[in-house]
Amino acid sequence: MAIDAFAYIPLLATAGVALLLFIFLLIIKKRKSAKISFIVFLSLIILIIGILYTVINPGLMSLALTLFGATFIFIPFCAITITLPAIKESEKKKEDSISQQETPTANSPAYPIIEKLSDDQKDLLDISRDFVLQSYNAFSDRKEGLSKLLSNINKTLIAVTHADGGIILLIDDFEDIISVKSFEGDFPPPFKLPSDLPHKQIRVETYLKYATFPLRDNLFGETALSGKPELITKPELDDRIYQNSPEQFLKCGSYIIVPMKIGDSVIGEIALSRKSGNDAFTDEELDSAVTLSNFAAVTIRNIASVQEVVEHSELTKEADIASNIQQTLVPKKLPSIPNADVSVYNSFTDGVCSDFYDIIPSRKDKISFTITEVVGKGMNSLIIMVMLRAMLKLIVNTKQTADTILTWINHGIASESAMDHFASMALVNYDSTKKSIDFSTGGNTPIWLYSVDKNDLQKISKTSEPVGVEKATTYKQNSLQLKSGDIIVMYTDGLIESLNEKGDQYSFESLKRLIKANHSKSAKEITNIVKSDIKRFNGTAHQHDDQTLLIVKIQ
(Lines give C-alpha, C1' and ligand atoms only; values in the text may rest on other atoms or scores of the structure.)
Protein backbone atom coordinates (compact mmCIF):
# COMPACT_ATOMS: atom_id res chain seq x y z
CA MET A 1 0.00 0.00 0.00
CA ALA A 2 1.59 3.27 -1.08
CA ILE A 3 2.25 5.95 1.54
CA ASP A 4 0.21 9.15 1.19
CA ALA A 5 2.13 11.96 -0.50
CA PHE A 6 1.64 14.28 2.49
CA ALA A 7 3.68 11.85 4.59
CA TYR A 8 6.84 12.82 2.62
CA ILE A 9 7.21 16.10 4.57
CA PRO A 10 7.44 14.58 8.09
CA LEU A 11 9.41 11.63 6.71
CA LEU A 12 12.04 13.91 5.15
CA ALA A 13 12.04 16.07 8.28
CA THR A 14 12.69 12.94 10.38
CA ALA A 15 15.55 11.94 8.09
CA GLY A 16 16.97 15.47 8.35
CA VAL A 17 16.84 15.48 12.15
CA ALA A 18 18.43 12.02 12.24
CA LEU A 19 21.21 13.25 9.93
CA LEU A 20 21.88 16.32 12.12
CA LEU A 21 21.93 14.10 15.21
CA PHE A 22 24.35 11.74 13.45
CA ILE A 23 26.72 14.66 12.62
CA PHE A 24 26.39 16.09 16.15
CA LEU A 25 27.24 12.74 17.78
CA LEU A 26 30.12 12.25 15.35
CA ILE A 27 31.61 15.60 16.47
CA ILE A 28 31.21 14.63 20.13
CA LYS A 29 32.90 11.29 19.53
CA LYS A 30 35.76 12.96 17.61
CA ARG A 31 36.34 15.47 20.43
CA LYS A 32 36.11 12.62 22.95
CA SER A 33 33.85 14.68 25.18
CA ALA A 34 31.56 11.68 25.68
CA LYS A 35 31.42 7.96 24.81
CA ILE A 36 29.00 7.21 21.97
CA SER A 37 28.24 3.57 21.14
CA PHE A 38 28.38 2.40 17.54
CA ILE A 39 24.88 0.93 18.11
CA VAL A 40 23.48 4.51 18.15
CA PHE A 41 25.21 5.34 14.87
CA LEU A 42 23.99 2.07 13.32
CA SER A 43 20.37 2.79 14.32
CA LEU A 44 20.53 6.32 12.85
CA ILE A 45 22.04 5.04 9.59
CA ILE A 46 19.28 2.43 9.23
CA LEU A 47 16.64 5.09 9.93
CA ILE A 48 18.03 7.60 7.42
CA ILE A 49 18.57 5.08 4.61
CA GLY A 50 15.20 3.43 5.23
CA ILE A 51 13.27 6.70 5.11
CA LEU A 52 15.00 7.83 1.90
CA TYR A 53 14.32 4.43 0.31
CA THR A 54 10.65 4.69 1.32
CA VAL A 55 10.36 8.16 -0.25
CA ILE A 56 11.91 6.91 -3.50
CA ASN A 57 10.02 3.59 -3.49
CA PRO A 58 6.77 4.26 -1.56
CA GLY A 59 5.54 1.30 0.45
CA LEU A 60 4.34 0.61 3.98
CA MET A 61 6.39 -2.60 4.29
CA SER A 62 9.76 -0.88 3.67
CA LEU A 63 8.95 1.78 6.28
CA ALA A 64 7.79 -0.87 8.78
CA LEU A 65 10.97 -2.92 8.32
CA THR A 66 13.07 0.25 8.78
CA LEU A 67 11.38 1.07 12.07
CA PHE A 68 11.63 -2.58 13.19
CA GLY A 69 15.34 -2.74 12.36
CA ALA A 70 16.28 0.53 14.06
CA THR A 71 14.12 -0.10 17.13
CA PHE A 72 15.11 -3.74 17.69
CA ILE A 73 18.79 -2.87 17.55
CA PHE A 74 18.45 0.16 19.82
CA ILE A 75 16.13 -1.25 22.55
CA PRO A 76 18.42 -4.15 23.68
CA PHE A 77 21.33 -1.66 23.73
CA CYS A 78 19.32 0.61 26.05
CA ALA A 79 18.55 -2.38 28.29
CA ILE A 80 22.25 -3.23 28.51
CA THR A 81 23.17 0.43 29.19
CA ILE A 82 20.61 0.71 31.98
CA THR A 83 21.61 -2.52 33.73
CA LEU A 84 25.39 -2.02 33.39
CA PRO A 85 25.67 0.68 36.13
CA ALA A 86 23.70 -1.56 38.49
CA ILE A 87 26.08 -4.45 37.82
CA LYS A 88 29.12 -2.25 38.41
CA GLU A 89 27.59 -0.81 41.61
CA SER A 90 26.86 -4.33 42.87
CA GLU A 91 30.47 -5.37 42.21
CA LYS A 92 31.75 -2.25 43.97
CA LYS A 93 29.65 -3.05 47.05
CA LYS A 94 31.04 -6.60 47.09
CA GLU A 95 34.61 -5.25 46.87
CA ASP A 96 33.98 -2.75 49.69
CA SER A 97 32.44 -5.48 51.85
CA ILE A 98 35.42 -7.78 51.37
CA SER A 99 37.86 -4.90 52.06
CA GLN A 100 36.09 -4.11 55.34
CA GLN A 101 36.25 -7.74 56.49
CA GLU A 102 39.94 -8.27 55.82
CA THR A 103 42.89 -6.92 53.90
CA PRO A 104 44.15 -9.88 51.87
CA THR A 105 47.73 -10.43 50.88
CA ALA A 106 48.88 -10.85 47.29
CA ASN A 107 48.48 -14.63 47.66
CA SER A 108 45.00 -14.35 49.16
CA PRO A 109 42.22 -15.90 47.02
CA ALA A 110 39.96 -12.85 47.45
CA TYR A 111 41.55 -10.72 44.73
CA PRO A 112 41.48 -13.41 41.99
CA ILE A 113 37.80 -14.17 42.74
CA ILE A 114 36.78 -10.51 42.43
CA GLU A 115 38.79 -10.12 39.26
CA LYS A 116 37.20 -13.26 37.77
CA LEU A 117 33.67 -12.02 38.50
CA SER A 118 34.40 -8.70 36.85
CA ASP A 119 35.78 -10.36 33.73
CA ASP A 120 32.76 -12.69 33.54
CA GLN A 121 30.39 -9.73 33.65
CA LYS A 122 32.29 -8.03 30.84
CA ASP A 123 32.23 -11.21 28.79
CA LEU A 124 28.48 -11.60 29.25
CA LEU A 125 27.88 -8.03 28.09
CA ASP A 126 30.07 -8.61 25.01
CA ILE A 127 28.11 -11.78 24.25
CA SER A 128 24.78 -9.97 24.58
CA ARG A 129 26.05 -7.36 22.12
CA ASP A 130 26.92 -10.16 19.70
CA PHE A 131 23.35 -11.50 20.04
CA VAL A 132 22.06 -8.09 18.93
CA LEU A 133 24.38 -8.01 15.92
CA GLN A 134 23.42 -11.57 14.97
CA SER A 135 19.74 -10.62 15.12
CA TYR A 136 20.35 -7.81 12.62
CA ASN A 137 22.05 -10.24 10.22
CA ALA A 138 19.12 -12.64 10.60
CA PHE A 139 16.65 -10.00 9.39
CA SER A 140 17.89 -10.46 5.82
CA ASP A 141 17.62 -14.26 5.90
CA ARG A 142 13.94 -14.94 6.41
CA LYS A 143 14.24 -18.62 5.51
CA GLU A 144 17.02 -19.71 7.87
CA GLY A 145 17.74 -16.56 9.87
CA LEU A 146 15.98 -17.67 13.05
CA SER A 147 17.40 -21.22 12.99
CA LYS A 148 20.95 -19.88 12.51
CA LEU A 149 20.46 -17.42 15.36
CA LEU A 150 19.20 -20.19 17.67
CA SER A 151 22.17 -22.37 16.74
CA ASN A 152 24.63 -19.54 17.54
CA ILE A 153 22.91 -18.83 20.87
CA ASN A 154 22.97 -22.51 21.73
CA LYS A 155 26.68 -22.88 20.93
CA THR A 156 27.46 -19.74 22.94
CA LEU A 157 25.62 -21.00 26.04
CA ILE A 158 27.38 -24.37 25.75
CA ALA A 159 30.78 -22.63 25.61
CA VAL A 160 30.09 -20.20 28.48
CA THR A 161 28.81 -22.92 30.84
CA HIS A 162 31.29 -25.58 29.65
CA ALA A 163 28.39 -27.90 28.83
CA ASP A 164 28.63 -31.02 26.69
CA GLY A 165 25.43 -30.23 24.79
CA GLY A 166 22.33 -28.12 24.69
CA ILE A 167 18.88 -27.68 23.20
CA ILE A 168 16.68 -24.63 22.72
CA LEU A 169 12.92 -25.08 22.89
CA LEU A 170 10.24 -22.57 21.88
CA ILE A 171 6.63 -22.48 23.03
CA ASP A 172 3.77 -22.78 20.57
CA ASP A 173 0.96 -20.94 22.36
CA PHE A 174 -1.66 -22.07 19.86
CA GLU A 175 -1.08 -25.78 20.48
CA ASP A 176 0.16 -25.55 24.10
CA ILE A 177 3.37 -27.41 23.34
CA ILE A 178 7.09 -26.68 23.59
CA SER A 179 9.27 -27.89 20.70
CA VAL A 180 12.99 -28.40 20.17
CA LYS A 181 14.28 -25.84 17.65
CA SER A 182 18.04 -26.20 18.10
CA PHE A 183 20.23 -29.17 19.10
CA GLU A 184 24.00 -29.12 19.64
CA GLY A 185 26.53 -31.54 21.14
CA ASP A 186 25.71 -34.44 23.46
CA PHE A 187 22.39 -34.18 25.28
CA PRO A 188 21.22 -37.41 27.00
CA PRO A 189 17.39 -37.20 27.00
CA PRO A 190 16.14 -36.85 30.61
CA PHE A 191 12.75 -38.24 29.61
CA LYS A 192 11.53 -41.72 28.65
CA LEU A 193 12.18 -42.52 25.00
CA PRO A 194 9.53 -44.34 22.91
CA SER A 195 9.71 -48.09 23.38
CA ASP A 196 10.07 -48.71 19.62
CA LEU A 197 13.00 -46.28 19.22
CA PRO A 198 16.33 -48.16 18.80
CA HIS A 199 18.99 -47.11 21.33
CA LYS A 200 21.42 -45.98 18.65
CA GLN A 201 22.97 -42.54 19.05
CA ILE A 202 22.07 -41.21 15.60
CA ARG A 203 18.44 -42.37 15.96
CA VAL A 204 18.07 -40.84 19.42
CA GLU A 205 19.62 -37.54 18.32
CA THR A 206 17.34 -37.38 15.26
CA TYR A 207 14.33 -37.99 17.48
CA LEU A 208 15.43 -35.28 19.93
CA LYS A 209 15.95 -32.68 17.18
CA TYR A 210 12.24 -32.77 16.36
CA ALA A 211 10.81 -33.61 19.80
CA THR A 212 7.76 -31.81 21.16
CA PHE A 213 6.43 -31.84 24.71
CA PRO A 214 3.14 -30.82 26.31
CA LEU A 215 3.30 -28.01 28.84
CA ARG A 216 2.45 -30.41 31.67
CA ASP A 217 3.65 -33.69 33.20
CA ASN A 218 7.25 -33.40 31.98
CA LEU A 219 10.38 -31.56 33.05
CA PHE A 220 10.58 -29.17 30.08
CA GLY A 221 6.93 -28.19 30.08
CA GLU A 222 6.70 -27.67 33.84
CA THR A 223 9.87 -25.55 33.91
CA ALA A 224 8.44 -23.35 31.17
CA LEU A 225 5.15 -22.94 33.06
CA SER A 226 6.86 -22.13 36.37
CA GLY A 227 9.28 -19.66 34.78
CA LYS A 228 11.95 -20.70 37.30
CA PRO A 229 15.43 -21.98 36.33
CA GLU A 230 16.46 -25.49 37.34
CA LEU A 231 19.92 -26.72 38.38
CA ILE A 232 20.05 -30.52 38.55
CA THR A 233 23.29 -31.86 39.99
CA LYS A 234 22.14 -35.30 41.15
CA PRO A 235 19.87 -36.76 38.47
CA GLU A 236 19.71 -40.13 40.21
CA LEU A 237 17.84 -38.49 43.11
CA ASP A 238 15.47 -36.42 40.95
CA ASP A 239 12.23 -38.27 40.16
CA ARG A 240 11.65 -35.98 37.13
CA ILE A 241 14.68 -37.51 35.39
CA TYR A 242 14.20 -40.81 33.54
CA GLN A 243 17.30 -42.92 32.94
CA ASN A 244 17.30 -44.58 29.49
CA SER A 245 20.59 -46.49 30.04
CA PRO A 246 22.44 -48.93 29.93
CA GLU A 247 24.05 -47.28 26.89
CA GLN A 248 26.74 -44.81 27.99
CA PHE A 249 25.56 -42.01 25.67
CA LEU A 250 22.11 -42.17 27.32
CA LYS A 251 23.29 -41.89 30.95
CA CYS A 252 22.05 -38.65 32.49
CA GLY A 253 24.45 -36.24 34.18
CA SER A 254 23.96 -32.67 35.36
CA TYR A 255 21.40 -30.32 33.73
CA ILE A 256 20.66 -26.60 33.62
CA ILE A 257 17.20 -25.63 32.36
CA VAL A 258 16.51 -21.91 32.06
CA PRO A 259 13.23 -20.34 30.85
CA MET A 260 13.69 -17.52 28.33
CA LYS A 261 11.52 -14.69 29.61
CA ILE A 262 10.40 -11.28 28.40
CA GLY A 263 8.91 -9.67 31.48
CA ASP A 264 6.64 -12.32 32.96
CA SER A 265 6.12 -14.07 29.62
CA VAL A 266 8.08 -17.27 28.85
CA ILE A 267 8.76 -17.78 25.12
CA GLY A 268 10.88 -20.91 25.46
CA GLU A 269 13.83 -22.32 27.36
CA ILE A 270 17.47 -23.29 27.10
CA ALA A 271 18.53 -26.71 28.42
CA LEU A 272 22.22 -27.59 28.92
CA SER A 273 23.73 -30.94 29.85
CA ARG A 274 26.91 -32.57 31.10
CA LYS A 275 27.67 -36.22 30.63
CA SER A 276 27.45 -38.70 33.45
CA GLY A 277 30.79 -38.80 35.28
CA ASN A 278 31.68 -35.17 34.55
CA ASP A 279 31.56 -32.47 37.23
CA ALA A 280 28.11 -31.06 37.91
CA PHE A 281 27.15 -27.53 36.87
CA THR A 282 27.79 -24.81 39.47
CA ASP A 283 25.62 -21.96 40.75
CA GLU A 284 27.87 -19.48 38.93
CA GLU A 285 27.30 -21.28 35.62
CA LEU A 286 23.56 -21.26 36.28
CA ASP A 287 23.71 -17.48 36.88
CA SER A 288 25.56 -16.99 33.59
CA ALA A 289 22.97 -19.06 31.73
CA VAL A 290 20.12 -17.05 33.30
CA THR A 291 21.72 -13.72 32.34
CA LEU A 292 22.34 -14.75 28.73
CA SER A 293 18.92 -16.38 28.37
CA ASN A 294 17.27 -13.01 29.08
CA PHE A 295 19.27 -11.32 26.32
CA ALA A 296 18.58 -14.28 24.02
CA ALA A 297 14.84 -14.03 24.68
CA VAL A 298 14.70 -10.40 23.54
CA THR A 299 16.76 -11.16 20.45
CA ILE A 300 14.66 -14.19 19.46
CA ARG A 301 11.36 -12.34 19.99
CA ASN A 302 12.57 -9.46 17.81
CA ILE A 303 13.42 -11.76 14.91
CA ALA A 304 10.22 -13.76 15.26
CA SER A 305 8.12 -10.57 15.33
CA VAL A 306 9.62 -9.18 12.14
CA GLN A 307 9.37 -12.50 10.31
CA GLU A 308 5.77 -12.88 11.43
CA VAL A 309 4.83 -9.48 9.98
CA VAL A 310 6.60 -10.11 6.68
CA GLU A 311 5.35 -13.67 6.28
CA HIS A 312 1.77 -12.68 7.09
CA SER A 313 1.88 -10.00 4.41
CA GLU A 314 3.31 -12.36 1.79
CA LEU A 315 1.05 -15.28 2.73
CA THR A 316 -2.03 -13.07 2.54
CA LYS A 317 -1.21 -12.05 -1.04
CA GLU A 318 -0.30 -15.62 -2.01
CA ALA A 319 -3.39 -17.07 -0.37
CA ASP A 320 -5.68 -14.60 -2.13
CA ILE A 321 -4.26 -15.62 -5.52
CA ALA A 322 -4.55 -19.34 -4.68
CA SER A 323 -8.11 -18.91 -3.43
CA ASN A 324 -9.17 -17.15 -6.63
CA ILE A 325 -7.68 -19.93 -8.78
CA GLN A 326 -9.33 -22.54 -6.56
CA GLN A 327 -12.72 -21.06 -7.44
CA THR A 328 -12.09 -21.80 -11.14
CA LEU A 329 -11.58 -25.52 -10.39
CA VAL A 330 -15.11 -25.91 -9.02
CA PRO A 331 -17.61 -27.37 -11.54
CA LYS A 332 -19.68 -24.50 -12.91
CA LYS A 333 -22.75 -26.70 -13.23
CA LEU A 334 -23.57 -30.12 -11.83
CA PRO A 335 -24.17 -32.67 -14.63
CA SER A 336 -27.42 -34.58 -14.96
CA ILE A 337 -26.87 -38.15 -13.70
CA PRO A 338 -29.20 -41.04 -14.72
CA ASN A 339 -30.91 -42.65 -11.70
CA ALA A 340 -29.22 -40.26 -9.25
CA ASP A 341 -29.91 -36.87 -7.68
CA VAL A 342 -26.74 -34.92 -6.85
CA SER A 343 -26.12 -31.79 -4.78
CA VAL A 344 -23.08 -30.08 -3.24
CA TYR A 345 -22.61 -27.60 -0.42
CA ASN A 346 -19.22 -25.89 -0.49
CA SER A 347 -17.82 -23.00 1.55
CA PHE A 348 -14.25 -21.81 0.95
CA THR A 349 -12.39 -20.01 3.73
CA ASP A 350 -10.25 -17.15 2.42
CA GLY A 351 -6.68 -18.21 1.80
CA VAL A 352 -7.00 -21.81 3.02
CA CYS A 353 -7.35 -23.52 -0.36
CA SER A 354 -7.60 -27.13 0.82
CA ASP A 355 -10.84 -28.68 -0.55
CA PHE A 356 -11.97 -29.58 -4.02
CA TYR A 357 -14.68 -31.82 -5.44
CA ASP A 358 -15.60 -33.02 -8.91
CA ILE A 359 -18.29 -35.02 -10.71
CA ILE A 360 -17.02 -36.65 -13.91
CA PRO A 361 -19.43 -38.55 -16.21
CA SER A 362 -17.01 -40.55 -18.37
CA ARG A 363 -19.49 -43.15 -19.72
CA LYS A 364 -23.15 -44.11 -19.30
CA ASP A 365 -22.17 -46.84 -16.89
CA LYS A 366 -19.52 -44.81 -15.02
CA ILE A 367 -19.89 -41.50 -13.22
CA SER A 368 -17.08 -40.62 -10.82
CA PHE A 369 -17.63 -38.60 -7.64
CA THR A 370 -14.61 -37.34 -5.73
CA ILE A 371 -14.05 -35.15 -2.72
CA THR A 372 -10.49 -34.28 -1.67
CA GLU A 373 -8.80 -32.34 1.12
CA VAL A 374 -5.20 -31.27 0.51
CA VAL A 375 -2.93 -30.79 3.53
CA GLY A 376 -1.47 -27.29 3.65
CA LYS A 377 -2.56 -23.95 2.25
CA GLY A 378 -1.71 -21.32 -0.30
CA MET A 379 0.13 -22.01 -3.56
CA ASN A 380 1.63 -25.35 -2.48
CA SER A 381 -1.84 -26.68 -1.74
CA LEU A 382 -3.14 -25.31 -5.02
CA ILE A 383 -0.38 -26.98 -7.07
CA ILE A 384 -1.18 -30.38 -5.59
CA MET A 385 -4.88 -29.75 -6.13
CA VAL A 386 -4.35 -29.01 -9.83
CA MET A 387 -2.12 -32.09 -10.27
CA LEU A 388 -4.65 -34.38 -8.57
CA ARG A 389 -7.53 -33.03 -10.61
CA ALA A 390 -5.64 -33.35 -13.90
CA MET A 391 -4.57 -36.96 -13.25
CA LEU A 392 -8.04 -37.90 -12.04
CA LYS A 393 -9.79 -36.55 -15.15
CA LEU A 394 -7.36 -38.48 -17.34
CA ILE A 395 -7.51 -41.84 -15.54
CA VAL A 396 -11.27 -42.08 -14.84
CA ASN A 397 -11.87 -42.33 -18.58
CA THR A 398 -10.30 -45.80 -18.47
CA LYS A 399 -12.08 -48.95 -17.30
CA GLN A 400 -10.06 -49.08 -14.09
CA THR A 401 -11.78 -49.39 -10.71
CA ALA A 402 -11.53 -46.80 -7.93
CA ASP A 403 -8.72 -48.57 -6.06
CA THR A 404 -6.50 -48.74 -9.16
CA ILE A 405 -7.20 -45.11 -10.02
CA LEU A 406 -6.17 -43.97 -6.55
CA THR A 407 -3.07 -46.17 -6.65
CA TRP A 408 -1.96 -44.64 -9.96
CA ILE A 409 -2.62 -41.09 -8.75
CA ASN A 410 -0.71 -41.74 -5.52
CA HIS A 411 2.29 -43.07 -7.46
CA GLY A 412 2.34 -39.93 -9.61
CA ILE A 413 2.04 -37.49 -6.69
CA ALA A 414 4.46 -39.32 -4.38
CA SER A 415 7.12 -39.31 -7.11
CA GLU A 416 7.33 -35.51 -6.85
CA SER A 417 9.76 -35.54 -3.92
CA ALA A 418 10.55 -31.81 -4.06
CA MET A 419 7.39 -30.70 -2.24
CA ASP A 420 5.23 -31.58 0.71
CA HIS A 421 2.15 -33.14 -0.82
CA PHE A 422 -0.43 -35.05 1.14
CA ALA A 423 -4.09 -35.35 0.38
CA SER A 424 -7.06 -37.20 1.78
CA MET A 425 -9.12 -38.38 -1.19
CA ALA A 426 -12.39 -40.32 -1.56
CA LEU A 427 -13.48 -41.69 -4.97
CA VAL A 428 -16.79 -43.33 -5.90
CA ASN A 429 -17.56 -44.77 -9.35
CA TYR A 430 -21.31 -45.09 -9.92
CA ASP A 431 -22.80 -47.47 -12.48
CA SER A 432 -26.17 -45.87 -13.26
CA THR A 433 -27.32 -48.90 -15.29
CA LYS A 434 -26.93 -51.30 -12.34
CA LYS A 435 -27.24 -48.84 -9.44
CA SER A 436 -23.97 -50.13 -8.01
CA ILE A 437 -20.76 -48.45 -6.88
CA ASP A 438 -17.10 -49.30 -6.52
CA PHE A 439 -15.16 -47.00 -4.21
CA SER A 440 -11.85 -46.43 -2.46
CA THR A 441 -10.31 -43.89 -0.10
CA GLY A 442 -6.82 -42.56 0.57
CA GLY A 443 -6.57 -40.89 3.98
CA ASN A 444 -9.44 -40.15 6.33
CA THR A 445 -12.03 -38.50 4.05
CA PRO A 446 -15.02 -40.78 4.71
CA ILE A 447 -17.78 -42.27 2.58
CA TRP A 448 -21.09 -42.87 4.38
CA LEU A 449 -24.24 -44.59 3.15
CA TYR A 450 -27.77 -43.98 4.30
CA SER A 451 -29.62 -47.26 3.79
CA VAL A 452 -33.35 -46.79 3.23
CA ASP A 453 -33.95 -50.37 4.40
CA LYS A 454 -32.09 -49.93 7.70
CA ASN A 455 -33.00 -46.26 8.17
CA ASP A 456 -29.46 -45.66 9.37
CA LEU A 457 -26.28 -43.93 8.24
CA GLN A 458 -23.21 -46.22 8.23
CA LYS A 459 -19.60 -45.66 7.27
CA ILE A 460 -18.60 -47.87 4.34
CA SER A 461 -15.01 -46.67 3.87
CA LYS A 462 -11.90 -47.32 5.96
CA THR A 463 -9.06 -44.99 6.90
CA SER A 464 -5.89 -45.63 4.88
CA GLU A 465 -2.58 -44.03 3.92
CA PRO A 466 -3.09 -40.51 2.48
CA VAL A 467 -2.34 -39.91 -1.19
CA GLY A 468 1.23 -38.69 -1.72
CA VAL A 469 2.90 -40.18 1.37
CA GLU A 470 4.40 -43.43 0.10
CA LYS A 471 4.87 -44.23 -3.59
CA ALA A 472 4.41 -47.98 -3.11
CA THR A 473 1.01 -47.68 -1.36
CA THR A 474 -1.87 -49.61 -2.93
CA TYR A 475 -5.53 -49.02 -2.08
CA LYS A 476 -8.33 -51.51 -1.49
CA GLN A 477 -11.28 -52.16 -3.79
CA ASN A 478 -14.83 -52.03 -2.40
CA SER A 479 -18.16 -52.47 -4.14
CA LEU A 480 -21.80 -52.24 -3.13
CA GLN A 481 -25.25 -52.69 -4.63
CA LEU A 482 -27.63 -49.79 -3.95
CA LYS A 483 -31.39 -49.29 -3.90
CA SER A 484 -33.64 -46.36 -4.70
CA GLY A 485 -33.71 -44.01 -1.73
CA ASP A 486 -30.16 -44.86 -0.60
CA ILE A 487 -27.94 -41.81 -0.07
CA ILE A 488 -24.15 -41.54 -0.50
CA VAL A 489 -22.67 -38.90 1.85
CA MET A 490 -19.13 -37.52 1.47
CA TYR A 491 -17.63 -34.55 3.33
CA THR A 492 -14.36 -32.94 4.51
CA ASP A 493 -13.30 -32.38 8.12
CA GLY A 494 -13.98 -28.66 7.94
CA LEU A 495 -17.73 -29.35 7.86
CA ILE A 496 -18.12 -31.33 11.09
CA GLU A 497 -15.26 -29.51 12.86
CA SER A 498 -16.64 -26.02 12.27
CA LEU A 499 -16.88 -24.03 15.51
CA ASN A 500 -19.41 -21.73 17.13
CA GLU A 501 -18.65 -18.72 19.36
CA LYS A 502 -18.19 -21.01 22.39
CA GLY A 503 -15.60 -23.18 20.62
CA ASP A 504 -17.94 -26.17 20.27
CA GLN A 505 -17.71 -28.33 17.13
CA TYR A 506 -20.68 -28.94 14.85
CA SER A 507 -19.96 -32.73 14.98
CA PHE A 508 -20.90 -35.66 12.78
CA GLU A 509 -23.85 -36.48 15.03
CA SER A 510 -25.52 -33.21 14.00
CA LEU A 511 -25.02 -34.06 10.32
CA LYS A 512 -26.28 -37.61 10.81
CA ARG A 513 -29.40 -36.39 12.61
CA LEU A 514 -30.34 -34.04 9.75
CA ILE A 515 -29.81 -36.64 7.02
CA LYS A 516 -31.89 -39.27 8.80
CA ALA A 517 -34.66 -36.77 9.49
CA ASN A 518 -34.76 -35.52 5.88
CA HIS A 519 -33.82 -38.64 3.88
CA SER A 520 -37.08 -38.50 1.92
CA LYS A 521 -36.25 -35.06 0.50
CA SER A 522 -34.19 -34.34 -2.61
CA ALA A 523 -30.42 -34.04 -2.53
CA LYS A 524 -30.68 -30.28 -3.04
CA GLU A 525 -33.11 -29.91 -0.16
CA ILE A 526 -30.86 -31.95 2.14
CA THR A 527 -27.76 -29.84 1.40
CA ASN A 528 -29.75 -26.62 1.89
CA ILE A 529 -30.99 -27.86 5.27
CA VAL A 530 -27.44 -28.78 6.33
CA LYS A 531 -26.11 -25.42 5.08
CA SER A 532 -28.70 -23.46 7.07
CA ASP A 533 -28.11 -25.53 10.20
CA ILE A 534 -24.32 -25.04 10.05
CA LYS A 535 -24.64 -21.28 9.53
CA ARG A 536 -27.06 -21.07 12.45
CA PHE A 537 -24.69 -23.11 14.63
CA ASN A 538 -21.55 -21.14 13.66
CA GLY A 539 -23.11 -17.75 14.22
CA THR A 540 -20.44 -15.03 13.94
CA ALA A 541 -17.49 -17.37 14.66
CA HIS A 542 -14.73 -17.19 12.05
CA GLN A 543 -14.03 -20.52 10.32
CA HIS A 544 -10.49 -21.74 9.64
CA ASP A 545 -11.08 -24.55 7.16
CA ASP A 546 -12.98 -25.18 3.94
CA GLN A 547 -16.31 -27.00 4.21
CA THR A 548 -17.55 -29.41 1.53
CA LEU A 549 -20.51 -31.80 1.51
CA LEU A 550 -21.47 -34.04 -1.45
CA ILE A 551 -24.88 -35.79 -1.47
CA VAL A 552 -25.79 -38.46 -4.05
CA LYS A 553 -29.33 -39.84 -3.71
CA ILE A 554 -30.17 -42.96 -5.73
CA GLN A 555 -33.46 -42.73 -7.61
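## Report on a predicted protein chain

Not counting residues up to four places away in sequence, Gly442 touches Leu406, Ala423, Ser424, Met425, Ser464, Glu465, Pro466, Val467 and Tyr475, where a contact means heavy atoms within 4.5 Å. The structure is a predicted model, in which local features need pLDDT of at least 70 and side-chain atom pairs count only at pLDDT 80 or more, while totals for chains, interfaces and linings use all residues. Residues are numbered from 1 along each chain as its sequence is written, and side-chain values use heavy atoms, with hydrogens and water left out.

Gly442 belongs to strand 11 (residues 436-442); helices (H or I, at least four residues) and strands (E, at least two) are DSSP runs, numbered from the N terminus. The relative accessible area of Gly442 is 0%, so this residue is buried. Here, buried means under 20% relative accessible area, exposed over 50%, and partly exposed in between, with a 1.4 Å probe and protein chains only. One of the residues touched by Gly442 is Ser424; the two are 18 residues apart in sequence, and their C-alpha atoms are 5.5 Å apart in space.

**The chain as a whole**

The protein chain contains 13 helices and 16 strands. Of its 555 residues, 46% count as buried. Among contacts between residues at least 6 apart in sequence, 68% join residues at least 24 apart. The chain exposes about 29100 Å², of which carbon and sulfur atoms supply 55%; accessible areas come from the Shrake-Rupley method with a 1.4 Å probe.

**Helix 12**

Helix 12 spans residues 508-517, and its buried residues are Phe508, Ser510, Leu511, Lys512, Leu514 and Ile515. An α-helix has 3.6 residues a turn, so residues three or four places apart point the same way. The buried residues of helix 12 pack against several elements, including strand 12 (447-451), strand 13 (456-459), helix 13 (523-538) and strand 16 (547-554).

**The cavity and the aromatic rings**

Rolling a probe the size of a water molecule over the atoms shows where empty space is left. A cavity is a set of points, on a 1 Å grid over the protein atoms alone, where a 1.4 Å probe fits but cannot get out; lining residues have an atom within 4 Å of a point. The search of the whole structure finds one cavity of 30 Å³ or more, and the largest cavity holds about 80 Å³ of space. Volume is the space filled by probe spheres set on the points, which are joined across faces, edges and corners.

The lining includes Phe183, Asp186, Phe187, Gln201, Glu205 and Phe249. Helix 6 (residues 201-209) gives the most to this lining, with four residues. By class, the lining has eight nonpolar, one polar and two charged residues; Ala, Val, Leu, Ile, Met, Phe, Trp, Tyr, Cys and Pro count as nonpolar, Asp, Glu, Lys and Arg as charged, and the others as polar.

Seven aromatic pairs are found in the whole structure, a pair being rings of Phe, Tyr and Trp (its six-membered ring) with centres within 6.5 Å. Phe191, Phe213 and Phe220 form one aromatic cluster.

**Three loop residues**

| Residue | Loop | Relative accessibility |
|---|---|---|
| His162 | between helix 5 (145-161) and strand 1 (165-172) | 56%, exposed |
| Asn455 | between strand 12 and strand 13 | 38%, partly exposed |
| Lys234 | between strand 4 (230-232) and strand 5 (255-262) | 52%, exposed |

His162 has a positive phi of about 55° although it is not a glycine. Asn455, a residue other than glycine, has a positive phi near 50°. Lys234 and Gly253 are 19 residues apart along the chain, with 7.4 Å between their C-alpha atoms.

Conventions. Phe/Tyr/Trp six-rings, centres within 6.5 Å; stacked < 30°, edge-to-face > 60°. 1 Å grid on protein atoms, 1.4 Å probe; cavity = no way out; pocket = protein on both sides within 12 Å on 5 of 7 lines; lining within 4 Å.
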